[in-house]
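Here are my notes on the voids in this model. Please read them with the structure open.

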Amino acid sequence: MAKQAHLFTAGLLALSVSTAFAAVPANYPSDYQKVIDAANKEGKVVIYSTTDTATAEPIIKGFEKLYPNITVEYNDMNSTELYNRYVSEQASFSGSGDVVWSSSMDTALKLAKDYALNYRSPEADKLPAWAVWKDTAYGTTYEPLVFIYNKRLIKEEEAPKSHTALAELVKGQQERFKNKVTTYDIEKSALGFMLSVEDMKHDPDYFTHLKDTAGAGMVVQSSTGTMLERVSSGENLLGFNILEPYAKTRMAKDASLGMVYPSDYTLVLSRVSFISKQAKNVNAAKLWLDYLLSQQGQDIVANKANIASIRSDISGDNDVDGLTKKLGAVLKPIPVNDSLLEYLEQNKRLDYLKKWRTAAGK
């Protein structure tokens with residue numbers, strides 16, 4: 001995804017004379033009004049995110065409706081670009097993001113460990129315990145990783161229902177699936193690397209399955225959008241480790257795309273967010289994070305941005321409870337904890353990449 005800077009400023013001039021627009025929620029600290037007042041004086045919040053702008057737009061608009069004196073400067077980029085840009089800016093003490101919001105959970109946690117402000121959100125108690133790391137970094141979504149397939153070229157009953165079935169299908173029909181299976185390029189996508197490691201943790205035969213799946217030639221990409229497009233067009237037939245929200249959004253207007261929740265295990269990703277220690281707009285950043293985690297913000301995440309909520313008290317079924325009722329123990333949430341950092345250690349990362357390249361034929 002190309003980097004974008006997106007500003008939402010509707011209503012700003014007309015309402016700038018006021019200093020506070022939102023009532024402090026009942027369960028928030030008694031002095032939270034001071035945060036709101038200071039944030040209004042700051043006047044903006046800078047977000048560095050891997051969530052594409054179109055998906056994030058209703059979330060941003062909801063925030064600016066609540067705090068119309070604060071402009072959201074939204075920078076949309078891929079996970080590797082976000083990491084490299086943020087680290088460079090932090091090292092030079094130049095202008096940077098006030099808030100990081102990344103789908104690459106491991107690199108986001110590494111950034112949080114080095115650069116995040118310790119801040120316990122008033123919403124923290126409403127989140128699963130595994131989604132809060134040291135009152136610093138927070139999981140914000142609940143997103144299954146799915147298989148996708150071209151319904152014009154693969155019948156529903158033929159579509160693989162597990163990681164083992166995917167490997168067996170491709171291995172058994174190598175000519176048919178030659179260069180027709182797609183997934184992340186884990187060397188170019190930090191998200192792809194993390195998902196591969198998590199697959200390895202849950203599948204004792206991961207590298208064998210990867211070798212069988214890649215045996216006919218596997219096509220790797222750095223973005224979900226490209227994979228969805230290629231499977232939809234028929235250029236590829238199957239894709240795996242695809243973010244469910246993007247697949248569902250595409251399926252709503254594209255009858256050629258099918259989706260499967262793997263029955264052996266379905267990884268669940270949670271986009272990680274934190275506030276920078278060096279944030280120039282630290283109070284506005286606190287408002288943004290608290291809003292994103294709040295029932296109001298998460299309702300917009302689930303029902304307007306179409307990303308499943310990390311909470312269990314959201315209207316509709318696009319949240320933790322709704323997905324648990326649908327899929328049960330198959331769901332394997334990736335916890336926001338130090339286990340994410342293990343394979344970011346340089347030697348371990350290089351060894352893993354070598355094993356992956358060998359199995360994937362790259």
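1. Start with the make-up of one lining. The residues around the second largest cavity split into 7 nonpolar, 4 polar and 1 charged. Keep in mind that the model is predicted.

2. Who are these residues? The lining of the second largest cavity consists of Thr183, Tyr184, Ile186, Gly192, Ser196, Asp199, Tyr206, Leu210, Met218, Phe240, Asn241 and Trp356. Several elements give two or more residues to this lining: strand S8 (181–184), helix H7 (190–202), H8 and strand S10 (238–243). H7 gives the most, with 3 residues. The volume of the second largest cavity is about 70 Å³.

3. How many cavities of 30 Å³ or more does a search of the whole structure find? The count is 4. The largest of them has a volume of about 90 Å³.

4. Now the lining of the largest cavity. His163, Leu166, Asp199, Asp203, Tyr206, His209, Leu210, Thr213 and Phe240 form it. Two or more residues come from helix H6 (163–172), and likewise from helix H8 (206–214). Which element gives the most to this lining? H8 does, with 4 residues.

5. By class, the largest cavity is lined by 4 nonpolar, 3 polar and 2 charged residues. Set this beside the 7 nonpolar, 4 polar and 1 charged around the second largest cavity.

6. Check the two residue lists against each other. Asp199, Tyr206, Leu210 and Phe240 line the largest cavity. Asp199, Tyr206, Leu210 and Phe240 also appear in the lining of the second largest cavity. H8 gives two or more residues to the lining of the largest cavity, and H8 also gives two or more to that of the second largest.

7. Next, an open site. The second largest pocket has a volume of about 220 Å³. Its lining has 17 residues. Which of them lie nearest the centre of the pocket? They are Pro25, Tyr28, Leu66, Ser294 and Gln296.

8. Three helices each supply at least two residues of that pocket lining: helix H2 (32–42), helix H11 (282–293) and helix H12 (295–303). H11 has the largest share, 3 residues. By class, the lining of the second largest pocket divides into 11 nonpolar, 3 polar and 3 charged residues.

Methods. Residues numbered from 1 in each chain as written. Predicted model: local features only at pLDDT ≥ 70, side-chain atom pairs only at ≥ 80, totals over all residues. Heavy atoms only, no water. 1 Å grid on protein atoms, 1.4 Å probe; cavity = no way out; pocket = protein on both sides within 12 Å on 5 of 7 lines; lining within 4 Å. Points joined across faces, edges and corners; volume = space filled by probe spheres on them. Nonpolar A, V, L, I, M, F, W, Y, C, P; charged D, E, K, R; others polar.
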